[in-house]
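Trainee: I should like to take a close look at a single part of this structure. Please guide me through it and set it in the context of the chain.

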Amino acid sequence: MKHLIMTIPLILLTACTASQQHVLPSPPEEFAPAIEVKHVPDEVKIIEVPKVLALPGQLKEFPEERPVKELTPIEAITKAQKKALWKPNEGRYFNAI
């Protein structure tokens with residue numbers, strides 16, 4: 001019964017829509033002719049790109065080259081591991097969650 005009540009209005013709506021005819025608008029009788037552009041102006045605008053300037057303290061000279069000590073692979077790994085370790089201190093807790 002519930003389905004019958006829902007389908008009857010749908011059948012009536014579809015019957016109403018089929019009876020109307022839609023008329024499409026006709027195209028215009030004459031179309032406007034195309035305009036040919038014979039000369040395009042050669043005017044070019046030059047836009048200057050802003051130059052990025054370094055702030056004070058950003059331009060630093062490279063440090064003098066020091067002689068590099070050749071490390072064995074084990075020494076290099078040990079040195080890298082020591083650099084990677086850090087101990088907690090009060091400065092590292094600033095703005096931490």
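Mentor: A residue is called buried when its relative accessible area is under 20%, exposed when that value is over 50%, and partly exposed in between. In this predicted model, 0% of the 97 residues of the protein chain count as buried. The accessible surface of the chain comes to about 11,800 Å², and carbon and sulfur atoms account for 64% of that area. The protein chain has 2 helices and 0 strands.

Let us turn to Leu4, which lies in helix α1, formed by residues 2-18. Its relative accessible area is 48%, so Leu4 is partly exposed. Together with Ile8 and Leu12, Leu4 forms a nonpolar patch on the surface. The accessible area of these three residues together is about 290 Å².

Helix α2 may be considered next. This helix covers residues 73-84, and at 1.5 Å a residue its 12 residues should span 16 Å. The end C-alpha atoms of α2 are 16 Å apart, so the expected span and the model agree. Helix α2 is also hardly covered, since the count of buried residues among its 12 residues is 0.

Methods:
Residues are numbered from 1 along each chain as its sequence is written. This is a predicted model: local features need pLDDT of at least 70, side-chain atom pairs count only at pLDDT 80 or more; totals for chains, interfaces and linings use all residues. Side-chain values use heavy atoms; hydrogens and water are left out. Patches are made of residues with over 30% relative accessible area and no salt bridge: like charges are joined within 9 Å, nonpolar side chains (Val, Leu, Ile, Met, Phe, Trp, Tyr) within 5 Å. Accessible areas come from the Shrake-Rupley method with a 1.4 Å probe; for residues, only the protein chains shown count as cover. A salt bridge is a side-chain nitrogen of Lys or Arg within 4 Å of a carboxyl oxygen of Asp or Glu. Helices (H or I, at least four residues) and strands (E, at least two) are DSSP runs, numbered from the N terminus. Buried means under 20% relative accessible area, exposed over 50%, partly exposed in between (1.4 Å probe, protein chains only). The expected span of a helix is 1.5 Å times one less than its number of residues.
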